[in-house]
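Please open the model in your viewer and keep the selection tool at hand. The tour below goes from one group of rings to the next.

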Amino acid sequence: MKTTLLILFSLISYACLSQEFIEQQNSPFDGVRGSAIAFIDVEGDNDQDLIVAGWINEDGFTKETSLFVNDGKGNYTKVFGTPFQGVQFGSIAIADVDGDGDQDVHIAGKTNPTAASARLFINDGNGNFSETNVDVFDKVKGCASTFVDVDGDGDQDFFLAGIREDFFGIAKLYINDGNGNFSVQDDSTFYGAVDPAVSFADIDGDNDQDLLLNGSHSPGSPPFIFSHIYLNDGVGNFSLMENTAFPPSLGGSISFLDIDNDNDKDVLITGSKQNPVEYIADLYRNDGAGNFTLIENTPFEGVSLSSVDFADIDGDNDQDLIISGKNNPSAITRSTRLYTNDGNGNFDIVFNTPFEDVSFSALGFNDVDGDSDQDVLITGWTNEGVGIAKLYLNQSILSSTTQENAIDKFAILNNPITEKQLHLVLDSYKNHPVKISILDMYGRTLQQGVMQLITGVNNFSILIPNIPAGSYFIRVYDGKTIGVKKFLVQ
């Protein structure tokens, strides 16, 4: 009997691996391009709400920035009447800027063909926002921004780069007084950036936040393209680092991540190099002191007008990657590719993902449904010329090489289901609780509860909800490993 269960488990596991993500149907999100997104807990209920901004139709004038609240299971509802101004080619940054324990938001971007905006909104703790620091921030479009503590005083400062309404590129640091009031620092340090990519990380191991800034210095033709590292002295004074390994690029993204678990920040850079035009997705390994070396022969497809995010999608404690963007300088084609990490910084492409190919994109990982794995939201412009905003729920079978997992083998004994009970067997390494969820084909949770396993073979039955005939999933989560099985109700 044990041999039969092991074979059944193996067959089902491999079948599920090709369907790791399932698109959530009937979501309330408007399709957008020239988009920006941010996950945010607006009301302090420990789930991931969402802000989405972008151009929502074809006339070039209708832009929207919308707030969606999460019920904790990944079901979103649009909030009407927010003070957020609609933007495209913009940025959204989230932080607690005034030290009151809730999440505030900065939104910048293009508001109409000639105008731009940059506005800070303070949260009252219940998801109600009001504008503050009016006229402090330069109004920019085609921008990038982030909150970061540059001076080590425990509050969130702010960095903003982009093109102003007078077509002048800026890159400015705004210092927080600890109460959410910002003032611009001397802005002569940084190159003004058009089509910027911005990211902060401690790249040289001195425990402060350094800056990598890519873009073009002017909107002229041809523009002066640059890629600059600015080193922080620990109190927010920056100096340009000479002779970096990075080629100048624009129209891309920057992601710092530790790809090889050596506790320093490596970096992935996408975008467009010039003369001749070449799209890149270049990964550089950090030696721990801020010296970077290009890793050759990665599987990454070069992209521009792009977006990048990383997360541990398969539960093996390393950083995987998703990359989207325009993938051919001479043709209007786009891609969205998922890559898994072996823990040493070697990546493999994941085939047969359901993701839309997009450019002018924004994407992000987060656990939206509270099941402790990483889901992904993808927005942007498809090959069919339409804007999308699609949420894909992670249905992966996550595995670990350690023996600390509770679940060894997991099988359904009666499939298809002809009664109201689902009969399961789970082999466990130890006494341990597991969370069991019943999901529909769109990843929505229909029922969940907790079962206590004992060491050895566990046979038990679950009373399933009154659901129509069709296909469903059962998910078992032990705090480290997730098992997912498909079953049929007749």
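A residue is called buried if its relative accessible area is under 20%, exposed if over 50%, and partly exposed in between, with a 1.4 Å probe and protein chains only. This is a predicted model, in which local features need pLDDT of at least 70 and side-chain atom pairs count only at pLDDT 80 or more, while totals for chains, interfaces and linings use all residues. Residues are numbered from 1 along each chain as its sequence is written, and side-chain values use heavy atoms, with hydrogens and water left out.

Rings of Phe, Tyr and Trp (its six-membered ring) pair if their centres lie within 6.5 Å, and planes under 30 degrees apart count as stacked, over 60 as edge-to-face and the rest as tilted. A search of the whole structure finds 27 aromatic pairs.

Select F29 and F68, an edge-to-face pair with 4.9 Å from centre to centre and 85 degrees between the planes. F29 is buried at a relative accessible area of 10%, and F68 is buried at 2%.

Move next to F147 and F182, whose ring centres are 6.3 Å apart and whose planes stand at 50 degrees, so this pair is tilted. Both F147 and F182 are buried. Add F137, F158 and Y174 to the selection, and you have the cluster that ring pairs link together with F147 and F182.

Finally, select R33, remembering that a charge sits over a ring if NZ of Lys or CZ of Arg is within 6 Å of the ring centre and within 35 degrees of the ring normal. The charged end of R33 sits over the ring of W55, 3.9 Å from its centre, and R33 also lies over the face of W381, at 4.2 Å from the ring centre.
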